[in-house]
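Here are my notes on the model you sent round. Please read them with the structure open.

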Amino acid sequence: MVVGAGFAGLVTARELTRQGHEVLVFEGRDRVGGRSFTGSVAGLPVDMGGAFVGPTQDAVLALAAELQIPTVPTHNTGKNVIHWRGWTRSYHGTIPKLSLTGLLDIGRLRWQFARIARNIPVDAPWNARRATELDGVSFGQWLSSVRATASSRDLMAIMARVTWGCELDDVSMLHAARYIRAAGGLDRMLDTEDGAQQDHFPGGTQQIALAAADELGARVVLKAPVRRIERHGAGVTVTSDAGTADAGFVVVAIPPAHRGAIEFTPPLPAEYQQLVEQWPQGRLSKAFAAYSTPFWRTNRCSGQALSDRGPVFITFDVSPQADGPGILLGFVDARAFDSLPSDQRRRDALRCFASLFGDEALNPLDYTDHRWGTEDFAPGGPTAAVPPGSWTRFGRWLREPVGPIHWAGTETADEWTGFFDGAVRSGLRAAAEITALL
């Protein structure tokens with residue numbers, strides 16, 4: 001039995017089925033994919049959730065190749081743009097060189113951060129030599145302790161918003177360092193070329209989930225949120241809105257924060273219940289605007305940009321082809337944006353695009369946005385924003401089985417935690433655990 005038809009749950013079910021075991025997947029939504037959801041703008045597919053893949057993300061790339069779903073390079077030619085402190089300028093590379101002082105400070109912070117991260121055991125960060133110290137402060141408090149400049153801090157705040165969907169003071173320094181080490185370092189996580197944004201799927205990432213679900217067929221049951229999991233001598237009884245099923249084992253492949261929506265009988269040990277409360281989901285939204293052509297390319301702009309103005313704070317060019325149409329993707333700060341009416345969200349997002357690429361951005365062919373934090377079922381994204389104190393107190397129970405109950409999901413992965421690749425790896429691990437016991 002598998003709870004959740006995101007990448008982790010589908011991979012778990014797929015692997016167990018290949019081993020000859022009977023599997024049933026209960027999914028609460030009316031679709032598969034979890035935080036992979038492909039919508040459309042101007043009739044073209046766009047990823048409302050996770051979108052990019054890159055080198056060393058071998059598990060998800062292997063899965064996509066097996067399912068015959070191709071990738072294409074993310075457009076990365078031309079100058080990047082930054083709107084900062086009221087002015088707009090171009091730059092090259094991942095991190096803008098705002099000034100000599102700022103460049104030196106960012107270099108210093110990157111060196112200090114890398115030194116901390118390489119000493120953290122990814123599979124057991126609570127055992128790091130400085131675990132208690134690092135988990136006792138937020139990322140923001142650490143930046144203050146090392147006297148980061150205001151510009152450096154604001155750039156790191158953008159990274160926190162797009163990575164965890166939270167602010168610097170919401171996430172533990174131990175979590176930040178472990179997360180970035182699991183991605184192979186800051187450069188690997190943030191870069192486009194040779195980094196996590198290098199490629200994307202032209203038809204959308206949800207193709208992968210749909211293809212995997214097609215293989216599983218009737219084993220995947222939609223509109224079946226799981227309400228209760230009962231442990232007993234023969235295994236488990238899982239109760240969902242679509243019915244009840246008995247199984248020898250269950251893999252719960254959903255974010256830690258959403259485990260709290262399930263009643264476990266008998267109750268899980270106290271540490272597991274507290275973990276649910278201390279592993280909250282971040283909040284992140286996305287906005288897309290489609291134009292007749294990618295007009296920013298005529299000005300030799302890559303379409304990649306940073307802004308301290310908001311609500312859009314990072315952009316990418318995800319146009320399907322060079323001669324049009326052109327599509328801008330904007331990552332949006334959900335805090336003020338999500339509560340606005342649709343017409344105001346559109347105006348604010350387009351205003352941000354225009355501040356970066358010119359007034360032509362104010363008149364798109366089409367516009368759409370997606371607010372993960374407002375979803376009725378399993379809200380939040382893109383991944384857990386783990387606050388100070390949580391790893392050292394509760395981290396060891398993140399994926400430790402409780403009898404026949406096992407855990408999957410990208411948050412439980414040791415490589416590319418928080419990414420699709422981490423989700424796939426967690427599904428492979430969970431399936432291997434069950435196979436070994438069977």
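The points below cover one helix, the cysteines and the aromatic side chains.

1. Status of the model. This is a predicted model. Please read every distance and angle below as computed from that prediction.

2. Helix H7. This helix spans residues 173-182. Of its 10 residues, 9 are buried, so the rest of the structure largely encloses it. The buried set is Met-173, Leu-174, His-175, Ala-176, Ala-177, Arg-178, Tyr-179, Ile-180 and Ala-182. Note that the set includes His-175 and Arg-178.

3. The ends of H7. At the start, Ser-172 offers a side-chain oxygen to within 3.0 Å of the backbone nitrogen of Leu-174. After the helix comes Gly-184, with a positive phi near 90°.

4. Cysteines. How many disulfides does the whole structure hold? The search finds 0. Take Cys-352: the closest cysteine sulfur belongs to Cys-301 and lies 16 Å away, too far for a bond, given that a disulfide needs the two sulfurs within 2.5 Å. Cys-352 is also buried, at 1% relative accessibility. Cys-166 is buried too, at 6%.

5. Aromatic pairs. The whole structure contains 18 of them. One is Phe-295 with Trp-296: the ring centres are 5.0 Å apart and the planes meet at 75°, so this pair is edge-to-face. Phe-295 is buried, with a relative accessible area of 4%. Trp-296 is buried as well, at 1%.

6. A pair between strands. Phe-316 and Phe-331 have ring centres 6.2 Å apart and planes at 80°, so they too are edge-to-face. Phe-316 belongs to strand S18 (residues 312-317) and Phe-331 to strand S19 (residues 326-332), so the contact ties together parts 15 residues apart in sequence. Both partners are buried: Phe-316 has 9% relative accessibility, and Phe-331 has 10%.

7. An aromatic cluster. Which residues form it? They are Phe-113, Phe-139, Trp-142, Trp-164, Tyr-179, Trp-416 and Phe-419. Tyr-179 links this point to the second one, as it is among the buried residues of H7.

8. Charges over rings. Two arginines deserve a look. The charged end of Arg-345 sits over the ring of Phe-337, 6.0 Å from the ring centre. Arg-396 places its charged end over the ring of Trp-397, at 5.9 Å from the centre.

Terms used
Residues numbered from 1 in each chain as written. Predicted model: local features only at pLDDT ≥ 70, side-chain atom pairs only at ≥ 80, totals over all residues. Heavy atoms only, no water. Buried < 20%, exposed > 50% of the residue type's maximum accessible area, 1.4 Å probe, protein only. Helix = DSSP H or I, 4+ residues; strand = E, 2+ residues; numbered from the N terminus. Polar contact = N/O pair within 3.5 Å; in protein donor to acceptor, adjacent residues only side chain to side chain. Phe/Tyr/Trp six-rings, centres within 6.5 Å; stacked < 30°, edge-to-face > 60°. Lys NZ or Arg CZ within 6 Å of the ring centre and 35° of its normal.
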